[in-house]
Amino acid sequence: MRSSNSQFDVIVVGGGPAGIASAVSAAQSGKRVAIADDNPALGGQIWRGETVHSDPAARAWISKLRESSVQLFPGTRVFDQPVPGTLNAETLDGRVAFDYGKLILATGARERFLPFPGWTLQNVMGAGALQALVKAGLPIQGKRVVVAGTGPLLLAVASYLKKHGAIVVAVCEQASRASLAAFAGFAVTGLFADPLRHATIIAHNNVTNRLQDAKTPDEAVPGDTYLEDRRRKSHNGDSVEMFYEPNAVTDGDSIVFFRRADVIVAGNILDLTRYPMIDAKNGGSVEGEIKALNDILNRTNYEHEGEGGTYVVPGHGFLADEHEVVEYRDMVVIVRDRVKGMIAIGATLAQVKAARVTADYDTRYGANTGPWTTEMFVEAVYNSLKPAAKTN
Ligand SMILES: Cc1cc2nc3c(=O)[nH]c(=O)nc-3n(C[C@H](O)[C@H](O)[C@H](O)COP(=O)(O)OP(=O)(O)OC[C@H]3O[C@@H](n4cnc5c(N)ncnc54)[C@H](O)[C@@H]3O)c2cc1C
């Protein structure tokens, strides 16, 4: 193992865009500057791989760097600062010590990956990690990818994968419609202009009416609406069918079936984190919800004794298959039947609530606090089965 010492006025740790720009500036003032980066090639997260050659900004900065006196130490990971003014780093050949006057840390950001049910399954990986693998040469052409999580990286990753031939069957964003709309205002003028400019929001006409009534910014209001039961479209080499599901959780629900990819996007009709959020005031009903879940099941297929068949993307929660939709549908049917039975013998809402008709499902879907409690669900079921019922 070799060991060497180098002395510089300025050491920059990290050779991404920030590190390159700061090193070039420091060198322009006549200082002896070095960049240490643990990757074999400079460029950091965004400019790694072929992007260094294809992105004009990357090309311009790399050529400024080459023309400068900055010394480059790729494949060099800084791991220790034994005393102020010295850094220890490791390379494939051994250890390097850097003595420095000033230190610039440009070590970038990391993807924050939170565990969720199913995160250890085969082929589940961080969005940024998949992007990094593709940049490093992993073939993605023709592969079906669901990009899920939150934040602007999702759009950048989806757009990048699509450009490299992946079939992006869905981008599932956890953030609310309102915060996405706020982000869209920034995005259309910024980094993500491309994916957003080419995206058309399609929805049932009732969605547009509701969003316009709520004075939602124009860019978040569907630009293409439909009134019929079924809307068809050829998109990305897939046959896409949208089915209107009247009076499910609201009066504007659709399910979207990507036939070639064999994926159904269920929206909030399937919310695996809680009871369905039936918004009776805005046209939701328990009967419509059950019909919508049955409509999903009329289109799913299953893989015997395996994870597979049709994927169903829920509004919230983990990626599902037919089995999870069956369980959810059965739960709603059982609760509906219990409430219906009590209404038939004249029970009031208060009596239905007191009977704890959801007790056996509460540990899985119930909540006593938050925007959608168990009580609210029972009330929505009761009211949608007996709209004129006494509510005390
Ligand atoms: C997985 C991932 C994917 C991303 N994809 C995009 C995208 O597609 N588009 C976009 O605009 N933004 C993306 N980002 C955000 C991205 O971080 C910034 O756009 C941009 O790369 C930030 O530049 P930077 O120079 O600050 O850091 P980075 O580009 O992250 O560069 C930091 C460099 O420092 C190195 N480093 C860190 N610690 C050490 C150490 N101890 N010793 C030596 N070297 C070290 C790293 O290996 C890296 O090469 C992504 C971020 C992540 C985490």
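## Strands β12 to β14

V256 in β13 has V265 in β14 as its bridge partner. The structure is a predicted model, in which local features need pLDDT of at least 70 and side-chain atom pairs count only at pLDDT 80 or more, while totals for chains, interfaces and linings use all residues. Residues are numbered from 1 along each chain as its sequence is written. Strands, like helices, are DSSP runs numbered from the N terminus, with at least two residues (E) for a strand and at least four (H or I) for a helix. Two strands pair if DSSP finds at least two bridges between them.

β13 (residues 253-258) and β14 (residues 263-271) run antiparallel and are joined by 3 bridges. The two strands form a hairpin with 4 residues between them, and D262 lies in the turn. On its other recorded pairing, β13 is joined to β12 by 6 bridges, again antiparallel; here V240 has F258 of β13 as its bridge partner. Strand β13 is mostly covered, with 5 of its 6 residues buried. A residue is buried if 20 or more other C-beta atoms lie within 10 Å of its own, exposed if 12 or fewer, and partly exposed in between, with C-beta atoms placed from the backbone.

## Strand β11 and its hairpin

Strand β11 (residues 230-235) lies largely in the open, because the number buried among its 6 residues is 0. It is joined to β12 (residues 238-245) by 6 bridges, and the two strands run antiparallel. K233 is paired with V240 of β12. V240 therefore has a bridge partner in β11 as well as F258 in β13.β11 and β12 form a hairpin with 2 residues between them, and N236 in the turn has a positive phi of about 55 degrees.

## Positive phi values

Most residues other than glycine have a negative phi, and most peptide bonds are trans. D262 is not a glycine, yet has a positive phi of about 60 degrees. D262 sits in the loop between β13 and β14 and is partly exposed, with 17 other C-beta atoms within 10 Å.

N247 also has a positive phi, near 55 degrees, and is a residue other than glycine. N247 belongs to the loop between β12 and β13. N247 counts as buried, with 21 C-beta neighbours inside 10 Å.

## Nonpolar cores

A nonpolar core is a set of buried Ala, Val, Leu, Ile, Met, Phe, Trp, Tyr and Cys residues joined through C-beta atoms within 7 Å. The largest has 58 residues, and those with the most contacts inside it are I255, V263, A266, V312 and V381. This core lies between domain 2 (121-199) and domain 3 (228-392), because both give residues to it. The domain bounds come from an automatic or database domain assignment.

Leaving out residues up to four places away in sequence, A266 touches I255, I296, V312, V313, P314 and G315. Two residues are in contact if their C-beta atoms, placed from the backbone, lie within 7 Å. Another core, of 25 residues, lies apart from the largest one and includes F8, I11, A27 and W61. In soluble globular proteins, nonpolar side chains tend to be buried together.

## The ligand shell

The ligand is surrounded by 29 residues, of which G14, G16, G44, G108 and G128 are the closest. A residue is near a molecule or strand if its C-beta atom, placed from the backbone, lies within 6 Å of it. The shell divides into 13 nonpolar, 11 polar and 5 charged residues. Here Ala, Val, Leu, Ile, Met, Phe, Trp, Tyr, Cys and Pro count as nonpolar, Asp, Glu, Lys and Arg as charged, and the others, Gly among them, as polar.

At least two residues of the shell come from each of α1 (17-28), β4 (77-80), α4 (127-135) and α5 (153-163). Domain 1 (7-105) and domain 2 (121-199) both give residues to the shell, so the ligand lies between them.

## V12 and I62

V12 is in strand β1 (residues 2-13) and is buried, with 29 other C-beta atoms within 10 Å. Not counting residues up to four places away in sequence, V12 touches G19, S22, A23, V33, I35, I104 and A106. V12 and A106 are 94 residues apart along the chain, and their C-alpha atoms are separated by 6.8 Å.

I62 is found in helix α3 (residues 56-67). I62 counts as partly exposed, with 18 C-beta neighbours inside 10 Å. From C-alpha to C-alpha, I62 and V24 are 9.7 Å apart in space, and they are 38 residues apart in sequence.

## The chain as a whole

The protein chain has 13 helices and 15 strands. Of its 392 residues, 31% are buried. Among contacts with a separation of 6 or more, 59% are between residues 24 or more positions apart.
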